[in-house]
Amino acid sequence: MTDKSNRTPSLVTRVTQALHFVEAETGAVIPSIQPTATYARDESYEVRKPYWYRRDGSQTTAQAEAVISEMEGAAESLLFASGMSACTAVIEHLPTGSHVVVPKVMYHGVLAQIQGYAAKGRINVSYYTAGNLEELAAAVEPGQTTLVWVETPNNPNWEVTDIAAAAEIAHAAGAKLLTDCTGTPPNLTRALDFGADISFHSATKYLNGHSDVTAGVLSVRETGQFWEDIYMVRKLQGTVLHSFDAWLLIRGMRTLFLRVERSCQNAMAVAKHFDGHPQIEAVLYPGLPSDPGHAVAKAQTGGQFGGMMSIIVKGTEQTAIDVTRFCEVFYPATSLGGVESLIEHRKTVSGEGFPVHPRLLRLSIGIEDVNDLIYDLEQALSRATS
Ligand SMILES: *Cc1c(COP(=O)(O)O)cnc(C)c1O
């Protein structure tokens, strides 16, 4: 027998094999689910490490976190019961009076949460237009700002922000940079490599990929007191991801690379087909060379651009709503990043007061046969406009 070779398999292989998991006792190549809520103390009545109660985490959740850390190039990752509870833990851990800088348009739940904390006087907020680095730099106050929030690509217009440039601005002011790259999971965009301090993903979306789990994850390049504080919020609020959901997430991530590659190919084909279409006013997709974010998106996604786009249909707001009603392959549902394609009239969902184009339809392009997707949109458009 020779010693093991020194060759490390590629990231695709490591993630597909969930880090080459083999259970010591049984040889099982799939981890077991550890659903226990509590852990017995040992013979000396000592607490066993690392868990003694479910709110600390569980072995199954830690296995899912290890796979994500590997993809992110992170020191550590923490999984939460939803993307929102992960974002809330970050906001909650900030000292009272902290100054944060966020985009004017971003994921509406996070924005509502940040505005809620601001309304109670817990934090101060300044805003910038997504993708606009001059406005971002002007909103940051050196020595005052503690957190800069970047969502890229930015939901639902898919503006692209240069993460490395945003990190430089944040760091020069003594602030941390948090990125929400839910639209381009870590196999496309490793935000920590571009200088982000905290990388957030709604794992409900691409990471799980099957629309059967809600989960959120935070990953960091370096741990420290702030990370301890965020962990304590998760522990004391009890927002750790459940073991069953962590197990489904591990299963979902095994096919992440394959799923996302197909989504990206399908999205590019759909975008090209409807760009310049007589019934479409605009296709918002960073993969189109005419898109203002194209060059930065290309560098930040390895040229794959992701599976998310929006289209602005010609006609009236009702025309746009009718397109979603007439689709037979796309589901008229919220969320994104699953294997099935979804279409959504964003204004109906975000509500009055949220700045979104009234004729904008958000498309989450799945992994189906792309000809079916294109045909479905074509027939829905022609029924909606006739
Ligand atoms: C879905 C989403 C969230 C919130 O995550 P949940 O898992 O739904 O709680 C945050 N940011 C973005 C960009 C999202 O798409």
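In this predicted model, a polar backbone atom of Gly-83 lies 2.9 Å from an oxygen atom of the ligand. Met-84 also makes a backbone contact. One of its N or O atoms is 2.8 Å from a ligand oxygen. Ser-202 approaches through its side chain instead. A polar atom of that side chain is 2.8 Å from an oxygen atom of the ligand. The ligand on its own has 380 Å² of accessible area, and the protein covers 91% of it.

The shell around the ligand holds 13 residues. Met-84, Asp-180, Ser-202, Thr-204 and Lys-205 come nearest. By residue class, the shell divides into 5 nonpolar, 5 polar and 3 charged residues. Two elements each supply at least two residues of this shell: the helix α3 (83-93) and the strand β6 (198-202). Gly-83 and Met-84, with their backbone contacts to ligand oxygen, fall within the span of α3. Ser-202, with its side-chain contact, falls within the span of β6. The space that the ligand takes is the largest pocket.

Aromatic pairs were examined next. A pair of aromatic rings is described by the distance of the centres and the angle of the planes. The model contains 2 aromatic pairs. One of them joins Tyr-39 and Tyr-51. Their ring centres are 5.8 Å apart, and 35 degrees separate the planes. The pair counts as tilted, because the angle is neither under 30 degrees nor over 60. Tyr-39 and Tyr-51 both belong to the loop between α1 (11-16) and α2 (59-72). They stand 12 residues apart in the chain.

The backbone was then considered. Most residues other than glycine have a negative phi, and most peptide bonds are trans. Three sites depart from this pattern. The peptide bond from Lys-49 to Pro-50 is cis, with omega near -5 degrees. Pro-50 is found in the loop between α1 and α2. That loop also carries the Tyr-39 and Tyr-51 pair. A second cis peptide bond runs from Asn-155 to Pro-156, and its omega is near 0 degrees. Pro-156 has its place in the loop between β4 (145-151) and α6 (163-172). The remaining site concerns phi. His-20 is not a glycine, yet its phi is positive, at about 55 degrees. His-20 is found in the loop between α1 and α2.

Terms used
Residues numbered from 1 in each chain as written. Predicted model: local features only at pLDDT ≥ 70, side-chain atom pairs only at ≥ 80, totals over all residues. Heavy atoms only, no water. Near = heavy atom within 4 Å. Polar contact = N/O pair within 3.5 Å; in protein donor to acceptor, adjacent residues only side chain to side chain. Areas by Shrake-Rupley, 256 points an atom, 1.4 Å probe, with all protein chains shown as cover. 1 Å grid on protein atoms, 1.4 Å probe; cavity = no way out; pocket = protein on both sides within 12 Å on 5 of 7 lines; lining within 4 Å. Sits in = over half its atoms within 2 Å of the grid points. Helix = DSSP H or I, 4+ residues; strand = E, 2+ residues; numbered from the N terminus. Nonpolar A, V, L, I, M, F, W, Y, C, P; charged D, E, K, R; others polar. Phe/Tyr/Trp six-rings, centres within 6.5 Å; stacked < 30°, edge-to-face > 60°.
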